[in-house]
Amino acid sequence: MLEIKNLHARIEDNEILKGLDLTINPGEVHSIMGPNGSGKSTLAQVLAGREDYEVTEGSITYNGKDLLDLSPDERAGEGVFMAFQYPVEIPGVTNTQFLHAAINAQRKYRGQDEIDAIEFLKLAKQKRQMMKIDDSLLSRSVNEGFSGGEKKRHEIYQMAMLEPKLAILDETDSGLDIDALRIVADGVNSLRGSDRSFVVITHYQRLLSYVVPDFIHVLYKGKIVRSGGKELALELEEKGYAWIEEQIEAAAV
Amino acid sequence: MTTMTIQDHQQAGPLAELNPASLPQSPAWLQPMREQALARFNKLGLPTTRDEDWRFTNVAPIRDALLELSPNGQAVTLSQRDADTCAVPGVTGSRLVFVNGRFNASLSSIKPLPQGVRVLSLAEAIETEQALLKTHLGKLADFEDQPFTALNAALADDGVVVCVPRGKQVDEPIYLLNITTADKPLLINPRNLIVVEESAAVTVIEDYVSLNGEGVYLNNAVTEVVVGDNAHATHYMLDRESTEAFNISSLYSRQGRDSRFESHTALLGGSIVRNNVTSVLDGEGAWSQLNGLYVIRGDQTADNHMRVVHAKPHGDSRQFYKGIMNDRAKGVFRGRIVVDPDAQKTDAKQSNQNLLLSPDAGVNTDPQLEIFADDVKCTHGATIGQLNEEQVFYLRSRGVPYDTARAMIIYAFASETIDRMGCEPIRRLLKGQLLDRLPAGEVLKKIL
Ligand SMILES: Nc1ncnc2c1ncn2[C@@H]1O[C@H](COP(=O)(O)OP(=O)(O)OP(=O)(O)O)[C@@H](O)[C@H]1O
Ligand SMILES: [Mg+2]
C-alpha cells in the first residue's frame, strides 16, 4: 500500500528526514516512536503533502502511484488522512460546512455522487455518537475554542467520517485523559480492517495497549533505526530512548 | 480676467468651479445655506493627496470625468421590472426609488406607517416640511472643511426625509433604492435626513446600484441621522455601483441619551469609493456601532473614514471594519476616536482587519485616538494579512481543493461582518455576491 524509500526531506536549510525507509501493507498498523524533534511530524506532513517541506531525495509510492506527484487534496481523495498533532483553528467555517465540503470533494474526486445535507447530517450524527462528541460542535467553527482533547477527538471523528485507506495519527493520544483515550482507541479499532492501514505516531505505550500495532519503528534523527513487534514499546517505555541512542552512537564509532 | 467660453466651462464641469447659476431653485430659507456651501466649495476646491484627509486617495479621475449636473425635473423612464431587478431581493417595507437622483413616485411604494411617521422625498419636504428641515437639515453635515459635503449642500435637491415621532417604531426597513442609468457622466447629490425622536426606532437602507453595471458618474451622497434619547436608528449603506463609477458617501449621526445607532456598510462596486462616517455620541450612555466590509478587486479604491466623537460620559462605540483586496485594489481605513474631556467612562473599540489576496493589492490602515478624558477604555487593533496557508492546508488535507479551501476561508472572514447585519435579505445578497466573486463560489453555495 505504501512504500517509502530513502526519503530525504528538508525545511528551509534544515534536513530533517535523512534516508527513511518504510513499507506498509494493507490492514497493518504501524507505530512510530522516537524522541522529540526526530522527524515524526515531518514524515506525517510530507505524507499529507505539506508544501513547506521539500523532498530532496527518495520516493513514496502509494497504491502504485507516485504520492509526491499528488496535491494534498488529491491525496485525501486517494484515501490518505492525517490527524494533525496541532489542528489549526479556522474561525467562521463551521464543522458542518467543513466536513460536508470535504466529503463531497473527495466523492467528486473519486467520481461518486455528492451527498446532500440530509444524508450528511445522518452520517455525522452516527459518527458523533460513536466519538461521544456533543451536537453543539456542529455549528461551531473548526477547532475554534476546542480544548486540546476536543481537538484530538475531532480529528478522529473526521477520520471516521472520511473513512480513509491510510490514516496517519500524529500524537492523537497526547494529552487525552483515559476516557477520551478509550474513545479515540475505539474509533480507530472500529475502522481497522483488511484494506485500511494506520501509522500511529506516539510517545506512549498507553495507546498501544488499546490499539495494538503490528509493527513498531523507532525514528531517530530522521531515520528508522529500529523496528520490531509490539513488545518494543514496552522495552522503550522501560528503558527510554537513551538506550537506543547509546546503541546507535556505539555502532557509529 | 475671466473670459471663459461656455464650452470651456462645460469642459471643466461643476467640480472645477460651482457656478451660482447652477444652484437649484430654493425657498428663501434654504438659499443662504446653498450660497454658503457654494462659496465654501469654490474656496476649498477638490482635495488633493496633499490634504491629510485624502492622503491615500487621489480624486483627480473624478474631476477628469467631466461630470454634468443631473438634469432638473427631467425624469428618466425606467420600467418597474428594471427597478425590481436592481432591488435587493426580499427587502419588504416602503421602497423609494430614485433614478439618477430624482425621486420616482410611480416606481416607489410607501407602505402604511405608524401614525405620524413621515417618509417623503426631499423635493417634497422642501415644500411641506419647512419646520423640520429648518431644525435639522445641514446641522450635522458640517461642510467647513469637507468639499464634497459642501458640494452636496449647495446642489442637493432630492433625497429622502424620514421623521419618526416619539415612541413610534417602524418595523420594516425604509429602502432607498438609488439607481443610476447614466449614459452621461452625471453628478448626483442625494441628500437624506432621518430624524428619530425619543424612544422611536427605524431602519433605513441606502442602496446605490447601476442599471446595467456600467456608466461613469458620481453619487455624492450626504445623510444625516438624528437619534433622539433612547431611540434606535439603523442605517445600511450598500455600494453596488458600476465598476467605473464614483461614490462618495458621508453619513453623519448624532445621538441622544441611552440611544443606539448602527451603521452597516458594504462597499463592493465603484472605481473610487469614499465612505465617511461621523458618529457623535452626544448623550450619556449612547451606543454606536459602525460595521463595515469592503470587497474590492481590479483597480478599485475603497477609502473608509470613520470619526467617532464621544461627547458625553458612559458612551460605548464599536467600529468593526474588514477589507478584502484582490488584484491591484487599494483599501484605506482611517478611524479616529475623539473622547471629549467630559466623556468619562467611555468604552471605545476599533478593529480593522484586512486580507490581501494578491501581491499587488494594498491597504493603508491608520487608527487615530484623541483622548481628552482620563477614565476611559479605548482599544484599537488593525491587521493586514494574506490568507493563512496553514488553514488552507488543513482544509486541503481533508480533500477540499485549493480554490474551494481559499474561498471558504475568505467567506468566513467576511461572514463575521455580514452576520452583524440584522437584515436577512441584505446578508443573503452580500454572501451571494461574495461567493460570485470567488473562484470556487459555486461549489460553496451548495454547502453553505
Ligand atoms: N518550520 C520549521 N522550520 C525549521 N525547523 C523546523 C520546522 N518545523 C520543524 N522543524 C524542525 O524539524 C525537526 C523535526 O521536527 P518534527 O516536528 O518532525 O519532530 P517530531 O518528531 O514530530 O517531534 P515531537 O515529538 O516533539 O512532536 C525539529 O528539530 C524541528 O525543530
Ligand atoms: Mg511531532
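Colleague: Which element supplies the largest share of the shell around ligand 1?

Modeller: Helix 1 of chain A does, with three residues, in a predicted model where local features need pLDDT of at least 70, side-chain atom pairs count only at pLDDT 80 or more, and totals for chains, interfaces and linings use all residues. Residues are numbered from 1 along each chain as its sequence is written, chains are lettered from A and ligands numbered from 1 in written order, and side-chain values use heavy atoms, with hydrogens and water left out.

Colleague: What makes 40–48 a helix, and which strand of chain A also supplies at least two residues of that shell?

Modeller: Helices are DSSP runs of H or I with at least four residues, and strands are runs of E with at least two, numbered from the N terminus; helix 1 (40–48) therefore carries its name from such a run, and strand 2 (14–24) is the strand that also supplies at least two shell residues.

Colleague: Why is the approach of A:Lys40 to ligand 1 called a polar contact?

Modeller: A polar contact is a pair of N or O atoms within 3.5 Å (within protein, one must be able to donate a hydrogen and the other to accept it, and residues adjacent in sequence count only if both atoms are side-chain atoms). An N or O atom in the side chain of A:Lys40 is 2.7 Å from a ligand oxygen atom, so the pair qualifies. The side chain of A:Gln85 has such an atom 3.1 Å from an oxygen atom of ligand 1, and therefore qualifies as well.

Colleague: How many residues of the shell around ligand 1 are charged?

Modeller: Three are charged, beside three nonpolar and nine polar, where Ala, Val, Leu, Ile, Met, Phe, Trp, Tyr, Cys and Pro count as nonpolar, Asp, Glu, Lys and Arg as charged, and the others, Gly among them, as polar.

Colleague: What makes the space lined by B:His235, B:Asn275 and other residues a cavity?

Modeller: On a 1 Å grid over the protein atoms alone, a cavity is a set of points where a 1.4 Å probe fits but cannot get out, and lining residues have an atom within 4 Å of a point. The largest cavity has a volume of about 50 Å³, and B:His235 and B:Asn275 are among its lining residues, which by class are three nonpolar, seven polar and one charged.

Colleague: Which classes make up the lining of the second largest cavity?

Modeller: That lining has seven nonpolar, no polar and two charged residues, with B:Leu30 and B:Arg191 among them, and the cavity has a volume of about 40 Å³.

Technical notes:
1 Å grid on protein atoms, 1.4 Å probe; cavity = no way out; pocket = protein on both sides within 12 Å on 5 of 7 lines; lining within 4 Å. Points joined across faces, edges and corners; volume = space filled by probe spheres on them.
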